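Student: I'm new to this structure and would like a close look at one part of it. Could you walk me through the smaller of the things I can see, and then show me how it sits with the rest?

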Amino acid sequence: IREPLKYNENCLWLGDTMQPLPPITVERSQGIDKPWDVRDDFGRVELTFTPLHDVKLYLNLGIVQSRYHGPTGVFSGYIVDNEGQKIVFDGISGMGEKKYIRM
């Protein structure tokens, strides 16, 4: 991704206010169905996503292939807002995503 500090889709919604967040990394060192570590380089995002159910979609049409995982699960950890306040997540429902597309 070019200029990830400037262009990324990460944000925190508080009420009707959107606060941009820095780029994150997602580590799935134990696989797609085990907890994921979600972090940034600035200490604003420290989350663990624990998948509970994976929605899979595989497509193979020869030269076009897609492998998609859309697990639902729970988040725990925190995100720091623009004022420096920690917003704590403890068992908050959410969704992850991992995809591979070849065309």
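Tutor: Let's take the sheet built from strands S6, S7 and S10, and then move outward from there.

Keep in mind that what you have in front of you is a predicted model. Before zooming in, here is the overall picture. The protein has ten strands and zero helices, so if you read along the sequence you get β-β-β-β-β-β-β-β-β-β. The C-alpha atoms fill a box of roughly 50 × 30 × 30 Å along the principal axes. Of the 103 residues, 23% count as buried. Now for the part itself.

The three strands lie in the order S6-S7-S10 and form an open sheet with antiparallel pairing. Strands of a sheet pair through backbone hydrogen bonds, either parallel or antiparallel. S6 covers residues 56–60, and both S6 and S10 stand at the edges with a single partner strand each, so one side of each has no neighbour in the sheet. On average, neighbouring strands here are turned by 5° against each other, direction ignored.

Start with S6 and S7. These two strands run antiparallel and are joined by five bridges. To find your way, look for Leu-57, which stands opposite Tyr-68 in S7. S6 and S7 form a hairpin with four residues between the strands, and in that hairpin Gly-62 takes a positive phi near 85°.

Now cross over to the other side of S7. Five bridges join S7 to S10, again in the antiparallel sense. Two pairs make handy landmarks here: His-69 stands opposite Lys-98 in S10, and Arg-67 has Tyr-100 as its bridge partner in S10.

One residue of S7 deserves a stop of its own. Gln-65 belongs to this strand, which spans residues 65–69. Is Gln-65 buried or exposed? Gln-65 counts as buried because its relative accessibility is 16%, and the cut-off for buried is under 20%. Leaving out residues up to four places away in sequence, Gln-65 touches Leu-59, Asn-60, Tyr-100, Ile-101 and Arg-102. Leu-59 and Asn-60 fall within S6 (56–60), while Tyr-100, Ile-101 and Arg-102 fall within S10 (98–102).

With that part in hand, let's see what else the chain builds. There is an open sheet of five strands, ordered S3-S4-S5-S8-S9, with antiparallel pairing. Its edge strands are S3 (24–27) and S9, each of which pairs on one side only. From one strand to the next, the twist in this sheet averages 15°.

At the S3 edge, S3 and S4 are paired antiparallel over four bridges, and Thr-25 has Arg-39 in S4 as its bridge partner. At the S9 edge, nine bridges join S8 (residues 72–80) to S9 (residues 86–95), and these strands are antiparallel too. Gly-73 stands opposite Gly-94 in S9. The S8 and S9 hairpin has five residues between the strands, and there Gly-84 takes a positive phi near 90°.

The strands also share a nonpolar core. The largest one has ten residues: Leu-12, Leu-21, Trp-36, Val-38, Val-45, Leu-47, Phe-49, Phe-75, Ile-79 and Phe-89. The elements giving two or more residues to this core are S4 (36–40), S5 (45–53) and S8, and S5 gives the most, with three. For a feel of the packing, pick Leu-12: among its contacts, not counting residues up to four places away in sequence, are Leu-21, Ile-79 and Phe-89.

Finally, look for the largest pocket, with a volume of about 880 Å³. It is lined by 27 residues, and the closest to its centre are Glu-9, Asn-10, Ile-24, Val-26 and Val-38. Val-38 is also a member of the core listed above. S9 gives the most to the lining, with four residues. This brings us back to where we began: S10, from our three-stranded sheet, is one of the strands that supply at least two residues of the pocket lining.

Conventions:
Residues numbered from 1 in each chain as written. Predicted model: local features only at pLDDT ≥ 70, side-chain atom pairs only at ≥ 80, totals over all residues. Heavy atoms only, no water. Pairing = 2+ DSSP bridges. Core = buried A, V, L, I, M, F, W, Y, C linked by side-chain atoms within 4.5 Å. Buried < 20%, exposed > 50% of the residue type's maximum accessible area, 1.4 Å probe, protein only. Contact = heavy atoms within 4.5 Å. Axes fitted to C-alpha atoms, helices over the stretch in contact; angles between N-to-C directions. 1 Å grid on protein atoms, 1.4 Å probe; cavity = no way out; pocket = protein on both sides within 12 Å on 5 of 7 lines; lining within 4 Å. Points joined across faces, edges and corners; volume = space filled by probe spheres on them.
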